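Let's take a friendly walk through this protein, from one threonine to the charged pairs and the empty spaces. Keep the structure open beside you as you read.

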Amino acid sequence: MLEEIRSKIVTFHESGFSNSEILKRLKNDKVNPMLIYRTIKRYIETGSVSDRKRIGRPRSARTPALKNSVRCRILRNPRRSMRKMSREFCVNHETMRKLVVEDLGMKSYKRKNVHHLNDSIRRKRLERCIQLKARFAPGTEDQILFSDEKLFTVEEASNRQNDRILASRNQDIPDSIKYIDRVQKPLSLMVWAGVSADSRTNLIFVPQGVKINSQTYRELVLEPDIASAGEKLFQNHPWTYQQDSAPAHASKVSQSWFREQNIDFISKDEWPPSSPDLNPLDYSVWANLESRACAKSHKSLESLKVSLLSEWQKIPQEELRKAVHQFRSRLTSVIHKKRGYIE
(Lines give C-alpha, C1' and ligand atoms only; values in the text may rest on other atoms or scores of the structure.)
Protein backbone atom coordinates (compact mmCIF):
# COMPACT_ATOMS: atom_id res chain seq x y z
CA MET A 1 0.00 0.00 0.00
CA LEU A 2 2.79 2.45 0.91
CA GLU A 3 4.72 1.57 -2.25
CA GLU A 4 1.63 2.34 -4.35
CA ILE A 5 1.17 5.73 -2.70
CA ARG A 6 4.84 6.55 -3.21
CA SER A 7 4.54 5.61 -6.90
CA LYS A 8 1.53 7.91 -7.27
CA ILE A 9 3.48 10.75 -5.66
CA VAL A 10 6.39 10.29 -8.10
CA THR A 11 4.02 10.10 -11.07
CA PHE A 12 2.38 13.41 -10.12
CA HIS A 13 5.79 14.94 -9.42
CA GLU A 14 7.09 14.00 -12.86
CA SER A 15 3.90 15.43 -14.37
CA GLY A 16 4.86 18.82 -12.94
CA PHE A 17 2.50 19.02 -9.96
CA SER A 18 3.67 20.89 -6.86
CA ASN A 19 3.71 19.28 -3.41
CA SER A 20 0.52 21.11 -2.34
CA GLU A 21 -1.28 20.00 -5.54
CA ILE A 22 -0.17 16.39 -4.96
CA LEU A 23 -1.52 16.62 -1.39
CA LYS A 24 -4.95 17.69 -2.68
CA ARG A 25 -5.09 14.94 -5.32
CA LEU A 26 -4.16 12.24 -2.76
CA LYS A 27 -6.50 13.56 -0.07
CA ASN A 28 -8.52 10.33 0.04
CA ASP A 29 -5.33 8.32 0.63
CA LYS A 30 -4.70 10.30 3.86
CA VAL A 31 -1.26 11.41 2.69
CA ASN A 32 0.59 13.99 4.81
CA PRO A 33 3.00 16.67 3.47
CA MET A 34 6.04 15.04 5.10
CA LEU A 35 5.47 11.76 3.24
CA ILE A 36 5.30 13.67 -0.08
CA TYR A 37 8.47 15.62 0.70
CA ARG A 38 10.47 12.56 1.76
CA THR A 39 9.28 10.43 -1.16
CA ILE A 40 10.29 13.05 -3.75
CA LYS A 41 13.60 13.66 -1.96
CA ARG A 42 14.36 9.90 -1.94
CA TYR A 43 13.42 9.60 -5.62
CA ILE A 44 15.68 12.50 -6.63
CA GLU A 45 18.62 11.17 -4.61
CA THR A 46 18.31 7.43 -5.35
CA GLY A 47 16.06 7.18 -8.41
CA SER A 48 13.76 4.83 -6.48
CA VAL A 49 10.86 5.00 -4.03
CA SER A 50 12.02 1.96 -2.07
CA ASP A 51 13.35 2.33 1.47
CA ARG A 52 17.01 3.14 1.75
CA LYS A 53 19.34 0.41 2.89
CA ARG A 54 19.43 0.36 6.68
CA ILE A 55 22.67 1.17 8.45
CA GLY A 56 23.90 -0.17 11.79
CA ARG A 57 23.61 -3.60 13.25
CA PRO A 58 20.32 -5.54 13.12
CA ARG A 59 18.06 -5.38 16.15
CA SER A 60 19.06 -8.21 18.47
CA ALA A 61 17.34 -7.46 21.78
CA ARG A 62 13.79 -6.24 21.04
CA THR A 63 13.09 -9.08 18.64
CA PRO A 64 9.60 -10.17 17.49
CA ALA A 65 9.97 -13.37 19.54
CA LEU A 66 10.77 -11.42 22.73
CA LYS A 67 7.97 -8.97 22.01
CA ASN A 68 5.45 -11.80 21.65
CA SER A 69 6.68 -13.57 24.81
CA VAL A 70 6.43 -10.38 26.89
CA ARG A 71 2.96 -9.63 25.52
CA CYS A 72 1.74 -13.12 26.46
CA ARG A 73 3.12 -12.83 29.98
CA ILE A 74 1.49 -9.46 30.51
CA LEU A 75 -1.85 -10.77 29.23
CA ARG A 76 -1.66 -13.61 31.74
CA ASN A 77 -0.72 -11.26 34.58
CA PRO A 78 -0.82 -7.48 33.93
CA ARG A 79 0.68 -6.78 37.37
CA ARG A 80 4.13 -7.91 36.26
CA SER A 81 7.11 -5.68 37.02
CA MET A 82 9.17 -4.51 34.03
CA ARG A 83 12.31 -4.74 36.13
CA LYS A 84 11.51 -8.32 37.12
CA MET A 85 10.73 -9.28 33.50
CA SER A 86 14.05 -7.81 32.36
CA ARG A 87 15.82 -10.19 34.76
CA GLU A 88 13.70 -13.15 33.66
CA PHE A 89 14.48 -12.55 29.96
CA CYS A 90 18.10 -11.53 30.65
CA VAL A 91 17.83 -8.15 28.93
CA ASN A 92 18.64 -4.63 30.05
CA HIS A 93 15.93 -2.84 32.05
CA GLU A 94 15.86 0.05 29.54
CA THR A 95 15.39 -2.45 26.70
CA MET A 96 12.41 -3.96 28.49
CA ARG A 97 10.96 -0.52 29.19
CA LYS A 98 11.20 0.49 25.52
CA LEU A 99 9.72 -2.83 24.41
CA VAL A 100 6.70 -2.43 26.71
CA VAL A 101 6.17 1.31 26.15
CA GLU A 102 7.20 1.81 22.53
CA ASP A 103 6.66 -1.60 20.90
CA LEU A 104 3.60 -2.78 22.85
CA GLY A 105 2.17 0.71 23.49
CA MET A 106 1.52 0.05 27.19
CA LYS A 107 1.85 2.30 30.24
CA SER A 108 2.26 1.54 33.92
CA TYR A 109 -0.78 2.51 35.99
CA LYS A 110 -1.10 2.59 39.77
CA ARG A 111 -3.69 0.49 41.53
CA LYS A 112 -6.03 2.58 43.66
CA ASN A 113 -7.58 2.20 47.08
CA VAL A 114 -11.32 2.82 46.80
CA HIS A 115 -14.37 2.69 49.04
CA HIS A 116 -16.17 -0.63 48.99
CA LEU A 117 -19.20 -0.85 46.69
CA ASN A 118 -21.33 -3.98 46.58
CA ASP A 119 -24.33 -4.46 44.28
CA SER A 120 -26.80 -3.05 46.81
CA ILE A 121 -24.69 0.07 47.41
CA ARG A 122 -24.14 0.57 43.67
CA ARG A 123 -27.89 0.39 43.04
CA LYS A 124 -28.63 2.94 45.78
CA ARG A 125 -25.86 5.24 44.56
CA LEU A 126 -27.35 5.33 41.10
CA GLU A 127 -30.92 5.87 42.30
CA ARG A 128 -30.00 8.61 44.76
CA CYS A 129 -27.63 10.40 42.39
CA ILE A 130 -30.46 10.63 39.86
CA GLN A 131 -32.75 12.03 42.57
CA LEU A 132 -30.17 14.56 43.80
CA LYS A 133 -29.41 15.76 40.29
CA ALA A 134 -33.12 16.31 39.71
CA ARG A 135 -33.48 18.06 43.07
CA PHE A 136 -30.56 20.46 42.60
CA ALA A 137 -30.72 22.25 39.26
CA PRO A 138 -27.56 23.88 37.83
CA GLY A 139 -26.49 26.73 40.11
CA THR A 140 -28.47 25.57 43.14
CA GLU A 141 -25.46 23.65 44.52
CA ASP A 142 -24.36 27.07 45.85
CA GLN A 143 -27.20 26.75 48.38
CA ILE A 144 -25.84 23.54 49.92
CA LEU A 145 -23.76 23.48 53.09
CA PHE A 146 -21.63 20.35 52.86
CA SER A 147 -20.34 18.93 56.16
CA ASP A 148 -17.98 16.22 57.32
CA GLU A 149 -15.56 15.09 60.05
CA LYS A 150 -11.91 14.17 59.73
CA LEU A 151 -9.24 12.85 62.07
CA PHE A 152 -5.99 14.84 61.96
CA THR A 153 -2.78 13.61 63.62
CA VAL A 154 0.29 15.49 64.84
CA GLU A 155 2.42 13.67 62.24
CA GLU A 156 3.68 15.30 59.09
CA ALA A 157 1.46 14.76 56.05
CA SER A 158 3.32 13.19 53.15
CA ASN A 159 2.46 12.33 49.56
CA ARG A 160 4.68 9.35 48.72
CA GLN A 161 4.29 9.91 45.01
CA ASN A 162 5.30 13.58 44.86
CA ASP A 163 7.38 14.15 48.00
CA ARG A 164 10.91 14.33 46.62
CA ILE A 165 14.26 15.80 47.72
CA LEU A 166 16.82 17.20 45.26
CA ALA A 167 20.41 16.31 46.16
CA SER A 168 23.65 15.21 44.49
CA ARG A 169 23.88 12.09 46.63
CA ASN A 170 21.56 10.30 49.02
CA GLN A 171 24.20 10.55 51.73
CA ASP A 172 24.14 14.36 51.50
CA ILE A 173 20.50 14.61 52.64
CA PRO A 174 20.15 15.53 56.36
CA ASP A 175 18.20 12.99 58.42
CA SER A 176 15.84 15.77 59.55
CA ILE A 177 14.32 16.01 56.07
CA LYS A 178 15.26 12.58 54.72
CA TYR A 179 13.02 10.66 57.11
CA ILE A 180 9.41 11.15 58.22
CA ASP A 181 8.82 9.98 61.77
CA ARG A 182 5.86 7.67 62.33
CA VAL A 183 4.61 6.25 65.63
CA GLN A 184 2.09 3.49 66.28
CA LYS A 185 -0.64 5.63 67.86
CA PRO A 186 -0.03 9.35 67.16
CA LEU A 187 -1.98 12.04 69.00
CA SER A 188 -5.03 13.04 67.00
CA LEU A 189 -7.90 15.52 66.78
CA MET A 190 -11.37 14.89 65.37
CA VAL A 191 -12.48 17.99 63.44
CA TRP A 192 -15.87 18.94 61.98
CA ALA A 193 -16.39 21.60 59.31
CA GLY A 194 -18.89 22.80 56.74
CA VAL A 195 -18.34 24.54 53.40
CA SER A 196 -20.49 26.13 50.72
CA ALA A 197 -19.68 27.99 47.53
CA ASP A 198 -19.62 31.36 49.31
CA SER A 199 -18.92 30.58 52.95
CA ARG A 200 -17.44 28.22 55.51
CA THR A 201 -18.17 27.37 59.13
CA ASN A 202 -15.69 27.53 61.97
CA LEU A 203 -13.75 24.38 62.70
CA ILE A 204 -15.22 22.42 65.59
CA PHE A 205 -12.87 20.19 67.61
CA VAL A 206 -14.32 17.14 69.30
CA PRO A 207 -12.94 16.90 72.88
CA GLN A 208 -10.55 14.03 73.56
CA GLY A 209 -12.30 10.86 74.67
CA VAL A 210 -15.73 12.04 73.52
CA LYS A 211 -17.59 9.68 71.22
CA ILE A 212 -19.73 11.31 68.54
CA ASN A 213 -23.28 10.13 69.05
CA SER A 214 -26.62 11.82 68.46
CA GLN A 215 -26.38 13.86 71.64
CA THR A 216 -22.81 15.12 71.19
CA TYR A 217 -23.49 15.83 67.50
CA ARG A 218 -26.44 18.01 68.45
CA GLU A 219 -24.61 19.74 71.33
CA LEU A 220 -21.28 20.33 69.53
CA VAL A 221 -22.40 21.00 65.97
CA LEU A 222 -26.11 21.38 65.30
CA GLU A 223 -27.23 23.73 68.05
CA PRO A 224 -24.17 26.05 68.14
CA ASP A 225 -23.56 26.34 64.38
CA ILE A 226 -26.23 24.83 62.15
CA ALA A 227 -29.24 26.37 63.92
CA SER A 228 -28.00 29.84 62.94
CA ALA A 229 -26.30 28.94 59.64
CA GLY A 230 -29.20 30.24 57.54
CA GLU A 231 -28.73 33.74 58.93
CA LYS A 232 -24.93 33.76 59.32
CA LEU A 233 -23.84 31.94 56.16
CA PHE A 234 -26.75 32.35 53.73
CA GLN A 235 -28.27 35.70 54.82
CA ASN A 236 -31.67 34.05 55.29
CA HIS A 237 -31.78 32.82 51.68
CA PRO A 238 -32.94 29.24 51.02
CA TRP A 239 -30.27 26.67 51.81
CA THR A 240 -29.82 22.92 52.38
CA TYR A 241 -27.68 21.01 54.86
CA GLN A 242 -25.76 17.94 53.70
CA GLN A 243 -24.42 15.18 55.92
CA ASP A 244 -23.46 11.58 55.29
CA SER A 245 -25.14 8.52 56.79
CA ALA A 246 -22.90 8.11 59.85
CA PRO A 247 -24.85 6.72 62.83
CA ALA A 248 -24.90 10.06 64.66
CA HIS A 249 -26.25 11.77 61.53
CA ALA A 250 -28.75 9.12 60.50
CA SER A 251 -30.31 8.61 63.92
CA LYS A 252 -33.97 9.47 64.44
CA VAL A 253 -32.99 12.11 67.01
CA SER A 254 -30.73 13.97 64.55
CA GLN A 255 -33.13 13.66 61.60
CA SER A 256 -36.02 14.91 63.75
CA TRP A 257 -33.98 17.91 64.94
CA PHE A 258 -33.78 19.32 61.39
CA ARG A 259 -37.53 18.94 60.89
CA GLU A 260 -38.23 20.64 64.22
CA GLN A 261 -35.95 23.54 63.23
CA ASN A 262 -37.53 23.79 59.74
CA ILE A 263 -34.10 23.34 58.15
CA ASP A 264 -34.02 21.79 54.69
CA PHE A 265 -31.58 18.88 54.67
CA ILE A 266 -30.56 15.82 52.65
CA SER A 267 -31.95 12.94 54.69
CA LYS A 268 -30.26 9.60 55.33
CA ASP A 269 -32.48 8.04 52.65
CA GLU A 270 -31.44 10.63 50.04
CA TRP A 271 -27.66 10.78 50.35
CA PRO A 272 -25.85 8.02 48.36
CA PRO A 273 -24.14 5.48 50.66
CA SER A 274 -20.35 5.02 50.63
CA SER A 275 -19.91 8.19 48.58
CA PRO A 276 -16.98 10.30 49.81
CA ASP A 277 -16.37 11.05 46.12
CA LEU A 278 -19.49 13.26 46.19
CA ASN A 279 -18.60 15.43 49.20
CA PRO A 280 -16.30 18.42 48.47
CA LEU A 281 -14.70 18.10 51.89
CA ASP A 282 -13.72 14.50 51.17
CA TYR A 283 -12.56 14.84 47.58
CA SER A 284 -10.83 18.22 47.92
CA VAL A 285 -10.97 20.40 51.02
CA TRP A 286 -9.65 18.06 53.72
CA ALA A 287 -6.57 17.14 51.68
CA ASN A 288 -5.91 20.81 51.02
CA LEU A 289 -6.16 21.68 54.71
CA GLU A 290 -4.00 18.73 55.77
CA SER A 291 -1.22 19.60 53.32
CA ARG A 292 -1.17 23.13 54.69
CA ALA A 293 -1.58 22.51 58.43
CA CYS A 294 0.51 19.33 58.61
CA ALA A 295 3.38 20.36 56.34
CA LYS A 296 5.55 19.60 59.35
CA SER A 297 4.97 17.49 62.44
CA HIS A 298 3.58 19.01 65.62
CA LYS A 299 4.83 18.44 69.16
CA SER A 300 1.41 18.75 70.74
CA LEU A 301 -2.30 18.76 69.97
CA GLU A 302 -2.43 22.45 70.83
CA SER A 303 0.14 23.19 68.13
CA LEU A 304 -1.87 21.13 65.63
CA LYS A 305 -5.06 22.92 66.62
CA VAL A 306 -3.51 26.38 66.18
CA SER A 307 -2.15 25.39 62.76
CA LEU A 308 -5.52 24.01 61.61
CA LEU A 309 -7.37 27.14 62.69
CA SER A 310 -4.83 29.40 60.96
CA GLU A 311 -4.66 27.49 57.69
CA TRP A 312 -8.44 27.00 57.54
CA GLN A 313 -8.91 30.75 57.20
CA LYS A 314 -6.13 31.01 54.59
CA ILE A 315 -7.79 28.66 52.09
CA PRO A 316 -9.12 30.94 49.32
CA GLN A 317 -12.90 30.89 49.02
CA GLU A 318 -12.45 30.42 45.27
CA GLU A 319 -10.91 26.98 45.92
CA LEU A 320 -13.91 25.99 48.03
CA ARG A 321 -16.24 27.29 45.34
CA LYS A 322 -14.52 25.23 42.64
CA ALA A 323 -14.79 22.11 44.80
CA VAL A 324 -18.52 22.70 45.45
CA HIS A 325 -19.19 23.32 41.76
CA GLN A 326 -17.90 19.82 40.97
CA PHE A 327 -20.83 18.30 42.86
CA ARG A 328 -23.35 18.08 40.00
CA SER A 329 -20.74 16.90 37.49
CA ARG A 330 -19.79 14.13 39.91
CA LEU A 331 -23.42 13.10 40.21
CA THR A 332 -23.48 12.90 36.42
CA SER A 333 -20.27 10.83 36.40
CA VAL A 334 -21.76 8.29 38.81
CA ILE A 335 -24.86 8.02 36.62
CA HIS A 336 -22.81 7.58 33.44
CA LYS A 337 -20.49 5.07 35.12
CA LYS A 338 -23.53 2.99 36.05
CA ARG A 339 -23.04 3.38 39.83
CA GLY A 340 -19.29 2.56 39.77
CA TYR A 341 -16.15 4.39 40.82
CA ILE A 342 -15.49 7.84 39.36
CA GLU A 343 -11.97 8.38 40.78
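We can start at T95, which is found in helix 6. Please keep in mind that this is a predicted model. Is T95 buried or exposed? With a relative accessible area of 17%, T95 is buried, because buried means under 20%. Leaving aside residues up to four places away in sequence, T95 touches A61 and R62.

**Charged pairs**

R62 is a good residue to follow next. General chemistry helps here: side chains of opposite charge can pair when their charged atoms come close. Which residue does R62 form a salt bridge with? The partner is D103, and the closest N and O atoms of the two are 3.0 Å apart. R62 sits in the loop between helix 3 (33-46) and helix 4 (64-76), while D103 belongs to helix 6 (residues 93-103), so this pair ties together parts that are 41 residues apart in sequence. R62 counts as buried at 17% relative accessibility, and D103 counts as partly exposed at 22%.

A second salt bridge joins R135 to D264, again with the closest N and O atoms 3.0 Å apart. This pair links distant parts of the chain: R135 is in helix 7 (residues 119-135), and D264 is in the loop between helix 12 (252-260) and helix 13 (280-293), 129 residues apart. R135 is partly exposed at 31% relative accessibility, and D264 is partly exposed with a relative accessible area of 38%.

A third salt bridge is formed by K314 and E311, whose closest N and O atoms are 3.7 Å apart. These two are 3 residues apart in helix 14 (residues 301-314), so about one helical turn separates them. At 15% relative accessibility, E311 counts as buried. Salt bridges with shared partners join R292, E311, K314 and E319 into one network. Across the whole structure, a search finds 20 salt bridges.

**One face of a helix**

Now look at helix 15 (residues 317-324), where Q317, L320, A323 and V324 are buried. Viewed down the axis of helix 15, these buried residues fall within an arc of 120 degrees, so they line one face of the helix. What do they pack against? The buried residues of helix 15 pack against strand 1 (144-153), strand 2 (188-195), helix 13 and helix 16 (327-336).

**Spaces in the model**

The structure holds 2 cavities of 30 Å³ or more, and it also has pockets, the largest with about 490 Å³ of space. The 19 residues lining that pocket include E156, I177, Y179, I180 and D181, which are the closest to its centre. The table sets out volumes and linings.

| Space | Volume | Lining residues by class |
|---|---|---|
| Largest pocket | About 490 Å³ | 6 nonpolar, 4 polar, 9 charged |
| Largest cavity | About 50 Å³ | 7 nonpolar, 1 polar, 1 charged |
| Second largest cavity | About 30 Å³ | 3 nonpolar, 5 polar, 2 charged |

The lining of the largest cavity is made of E149, W192, I204, V206, I212, T216, Y217, L220 and V221. Strand 3 (204-206) and helix 9 (214-226) are the elements that give two or more residues to this lining, and helix 9 gives the most, with 4 residues. Around the second largest cavity, the lining residues include Q243, D244, H249, K268 and W271.

Note on methods
Residues numbered from 1 in each chain as written. Predicted model: local features only at pLDDT ≥ 70, side-chain atom pairs only at ≥ 80, totals over all residues. Heavy atoms only, no water. 1 Å grid on protein atoms, 1.4 Å probe; cavity = no way out; pocket = protein on both sides within 12 Å on 5 of 7 lines; lining within 4 Å. Points joined across faces, edges and corners; volume = space filled by probe spheres on them. Nonpolar A, V, L, I, M, F, W, Y, C, P; charged D, E, K, R; others polar. Salt bridge = Lys/Arg side-chain N within 4 Å of Asp/Glu carboxyl O. Buried < 20%, exposed > 50% of the residue type's maximum accessible area, 1.4 Å probe, protein only. Contact = heavy atoms within 4.5 Å. Arc of directions from axis to C-beta.
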